[in-house]
Amino acid sequence: MKLVIQRVQEASVSVDQEVVGKIGHGFMVLLGVSQTDTEEIAEKMFQKLLKLRIFEDENGKTNLDIKSVNGELLIISQFTLYADCRHGNRPSFIGAGTPDQANALYEYFLSQCRKEIPVVEQGIFGAHMMVSLINDGPFTIVLDSNEIIK
């Protein structure tokens, strides 16, 4: 599983020119699912996201997690995080999870988020989406389960 996490002042996602998800201060997360991902991996990635201390404290140090600042989440499924560009110029997506598997893990991840964070918005799985955000920092972190889960 891969997460691209952007600390934002605000973010939104639209489908067919209609806003389907919108947040204020928090994280906009692009979530990619691989063929080998499981609910156990999704749970570990969720816990890492929840505990990530990248909000500033009263001394200007990135020392606070999302719950400490009453942050909101916008989670958007993005299979293209598993693009393989090693050969040729057209990416291969063979490493991405199947749509059924990816959607199930996306929904599972969302359900875990909603247990802990009061405001969790989402995109529409499989739709063509337009994402807007104001990145706060800019601050962007990439988490890859292959690198952080041993």
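Analyst: A strand is a DSSP run of E that spans at least two residues, and strands are numbered from the N terminus. With that in hand, Gln17 can be placed in the loop between strand S1 (2–15) and strand S2 (18–23). Please keep in mind that this is a predicted model.

User: Thanks! What makes Gln17 count as exposed?

Analyst: The relative accessibility of Gln17 is 84%, and exposed means over 50%, so Gln17 earns the word. Its backbone deserves a look too: phi of Gln17 is near 65°, a positive value in a residue other than glycine. Most residues other than glycine have a negative phi.

User: Where does Asn70 lie, and why is it called exposed?

Analyst: Asn70 lies in the loop between S5 and strand S6 (72–77). Its relative accessible area is 68%; the cut-off for exposed is over 50%, so Asn70 is exposed. Phi of Asn70 is near 55°, which is positive, and Asn70 is a residue other than glycine.

User: Why is Leu64 called partly exposed?

Analyst: Buried would need a value under 20% and exposed a value over 50%. Leu64 has 24% relative accessibility, so it falls in between and counts as partly exposed. You will find Leu64 in strand S5 (residues 62–64).

User: Which residues does Leu64 touch, setting aside those up to four places away in sequence?

Analyst: Leu64 touches Leu52, Arg53, Ile54, Phe55, Glu56, Asp57 and Val69. For another reference point, its C-alpha atom is separated by 25 Å from that of Gly32, 32 residues away along the chain.

User: What makes Val131 partly exposed?

Analyst: The same kind of reasoning works here. Val131 has a relative accessible area of 38%, while partly exposed covers what lies between buried, under 20%, and exposed, over 50%; that is why Val131 gets this label. Val131 belongs to strand S8, and beyond its neighbours within four places in sequence it contacts Ser12, Val13, Met28 and Ile76.

User: How do you know that the structure has zero disulfides?

Analyst: A disulfide is a covalent bond between the sulfur atoms of two cysteines. To be counted, a pair of cysteine sulfur atoms must be within 2.5 Å, and a search of the whole structure finds zero disulfides. Two cysteines can be described by their surroundings: Cys85, with a relative accessible area of 52%, is over the 50% cut-off and is therefore exposed. Cys113, at 0%, is under 20% and therefore buried.

User: What kind of peptide bond joins Gly137 and Pro138?

Analyst: A cis peptide bond joins them, with omega about -5°. Most peptide bonds are trans. Pro138 is found in strand S8 (residues 130–144).

User: How do you know that the chain agrees with a compact globule?

Analyst: With 150 residues, such a globule would have a radius of gyration near 15 Å; the chain has 15 Å, so the two agree. The C-alpha atoms fill a box of roughly 45 × 40 × 30 Å along the principal axes, and buried residues make up 41% of the chain.

User: How many helices and strands does the chain have?

Analyst: There are three helices and eight strands. From the N terminus on, the order is β-β-β-α-β-β-β-α-β-β-α. Among contacts between residues at least 6 apart in sequence, 73% join residues at least 24 apart.

How values were computed:
Residues numbered from 1 in each chain as written. Predicted model: local features only at pLDDT ≥ 70, side-chain atom pairs only at ≥ 80, totals over all residues. Heavy atoms only, no water. Helix = DSSP H or I, 4+ residues; strand = E, 2+ residues; numbered from the N terminus. Buried < 20%, exposed > 50% of the residue type's maximum accessible area, 1.4 Å probe, protein only. Contact = heavy atoms within 4.5 Å. Rg over C-alpha atoms; globule rule 2.2 N^0.38 Å.
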